[in-house]
Number of protein chains: 2
Amino acid sequence: MSRQQIVAGAADMMRRRGLNATSIREVAKHAGTPLGSTYHYFPGGKDQLAAEAVRLSEEIVATLLAEKLRQGPAEGVAAFFALWREVLAGTEFKAGCPVLAVAVEEADHPEALKASAEAFRAWSKQLAASLAEHGVGARRAAQLATLLIASAEGAVVMCRAQRSIQPLDDVAAELTALLEATIAART
Amino acid sequence: MSRQQIVAGAADMMRRRGLNATSIREVAKHAGTPLGSTYHYFPGGKDQLAAEAVRLSEEIVATLLAEKLRQGPAEGVAAFFALWREVLAGTEFKAGCPVLAVAVEEADHPEALKASAEAFRAWSKQLAASLAEHGVGARRAAQLATLLIASAEGAVVMCRAQRSIQPLDDVAAELTALLEATIAART
DNA sequence: GCTATCCTATGACGACCGTTATAGCCAGTG
DNA sequence: CACTGGCTATAACGGTCGTCATAGGATAGC
């Protein structure tokens with residue numbers, strides 16, 4: 001269906017150029033659908049389209065995370081960082097996270113912003129739950145999960161600015177060590 | 001001078017709405033200067049204006065960081081997080097970091113992007129140097145410095161999305177503990 | 001007083017934006 | 001066959017954007 005192509009194309013454009021630079025016209029053209037169709041599928045306009053793009057991105061990451069976390073928190077975190085490394089490497093550091101892009105551009109897109117908050121919360125919960133399962137206290141697990149996501153998102157932005165993978169690798173190295181130490185201490 | 005007001009206004013608008021939603025017209029109006037003056041002061045157009053706004057933000061943070069780091073890395077990091085906490089609280093979670101905003105919106109603003117990369121690098125160097133002075137190995141100090149900046153920037157974005165200060169506090173708590181442990185181990 | 005220089009003031013340019021309206025195609029159902 | 005509803009196709013709306021050009025005013029040095 002072409003509806004999904006529109007959402008996927010919007011997400012791709014948003015993670016590269018941000019929300020405001022992603023025009024509905026270009027999204028439609030890229031998806032091979034007429035402009036009018038966009039407003040047929042998304043009567044809520046750009047806000048709705050952006051919100052769905054954010055939710056799609058959330059699901060993709062959440063699915064990968066859920067799969068890898070079954071092998072343990074360390075594997076999940078490793079997969080999370082590997083995912084961003086691939087995104088950066090595969091786009092010459094030109095793409096980042098569409099969820100973050102929406103949160104940074106405060107225009108009047110309340111649905112999209114809500115979806116963005118929900119995505120961060122969902123990822124955090126997944127990670128925190130996995131940590132708690134492996135003996136980390138609930139409070140500490142939540143803190144660690146937030147740290148993991150915040151630092152990964154921040155590192156991706158730094159990588160884009162500097163056109164280098166090093167910030168992400170630095171952050172991943174530090175957090176992997178911290179995670180191992182924390183889990184080892186509670187086992 | 002009105003030139004500085006233009007740059008400061010641009011930085012403020014960028015950190016709230018992002019680069020693309022910051023129009024030169026509005027910046028000029030907000031600064032009380034005519035639109036034509038903007039192109040007199042910044043013949044390089046929006047790219048130059050954005051780059052100078054990023055450099056101004058870099059300097060403000062770097063100055064504060066330099067001052068606080070004289071009392072040690074822990075105090076510097078605490079001040080860094082306190083700064084972002086104030087920005088968020090003082091704007092109802094509607095403002096973030098203009099440096100990050102530029103890096104996220106990949107339009108053709110090469111100078112601004114370069115300034116953004118330079119800002120991240122400058123802050124990292126300051127923090128890493130302070131850590132190294134207090135016994136942390138050079139490699140580790142660089143990694144930790146990157147982690148501190150990445151996680152602070154990422155947490156600020158999460159706070160904006162969720163309209164809550166908790167992500168920043170969670171990250172600050174984790175990193176403060178990590179920092180203390182690291183410095184204690186090498187002393 | 002004269003002039004050169006910096007800045008103001010104003011308006012225009014082409015382009016793109018989000019959104020809406022309207023008319024037409026083209027299935028599938030009865 | 002008729003017809004209805006989902007989607008296409010196309011054009012237009014008011015608005016804002018970055019940028020540029022040009023003319024006016026002020027101010028400082030001579």
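**Note on the DNA-facing surfaces of chains A and B**

1. Start with composition. Near DNA strand D, the surface has five nonpolar, eight polar and three charged residues. The model is a predicted one.

2. Next, who lies there. DNA strand D is surrounded by 16 residues. The closest are Gly36(A) and Ser37(A) from one chain, with Ser23(B), Gly45(B) and Lys46(B) from the other. Chain A contributes α3 (35-41) as an element giving two or more residues. Chain B contributes α2 (24-31), α3 (35-41) and α4 (45-69) on that basis. The largest share, four residues, comes from α3(A).

3. Now DNA strand C. Here, too, 16 residues surround the strand. Ser23(A), Gly45(A), Lys46(A), Gly36(B) and Ser37(B) are the closest. The elements giving two or more residues are α2 (24-31), α3 and α4 (45-69) of chain A, plus α3 of chain B. α3(B) gives the most, with four residues. By class, the surface near DNA strand C divides into five nonpolar, eight polar and three charged residues.

4. How are the two chains related? A turn of 180° with a shift of 0.0 Å along the axis lays chain A on chain B, at an RMSD of 0.0 Å. The copies are therefore related as by a two-fold rotation axis. The same surface serves both copies, since 100% of the contact residues of chain A recur in chain B.

5. One pairing to check in the viewer: Gly36(A) and Ser37(A) are among the closest residues to DNA strand D, while Gly36(B) and Ser37(B) are among the closest to DNA strand C.

Conventions
Residues numbered from 1 in each chain as written. Chains lettered and ligands numbered in written order. Predicted model: local features only at pLDDT ≥ 70, side-chain atom pairs only at ≥ 80, totals over all residues. Least-squares fit on C-alpha atoms with pLDDT ≥ 70 in both. Contact = placed C-beta atoms within 7 Å. Near = placed C-beta within 6 Å. Nonpolar A, V, L, I, M, F, W, Y, C, P; charged D, E, K, R; others polar.
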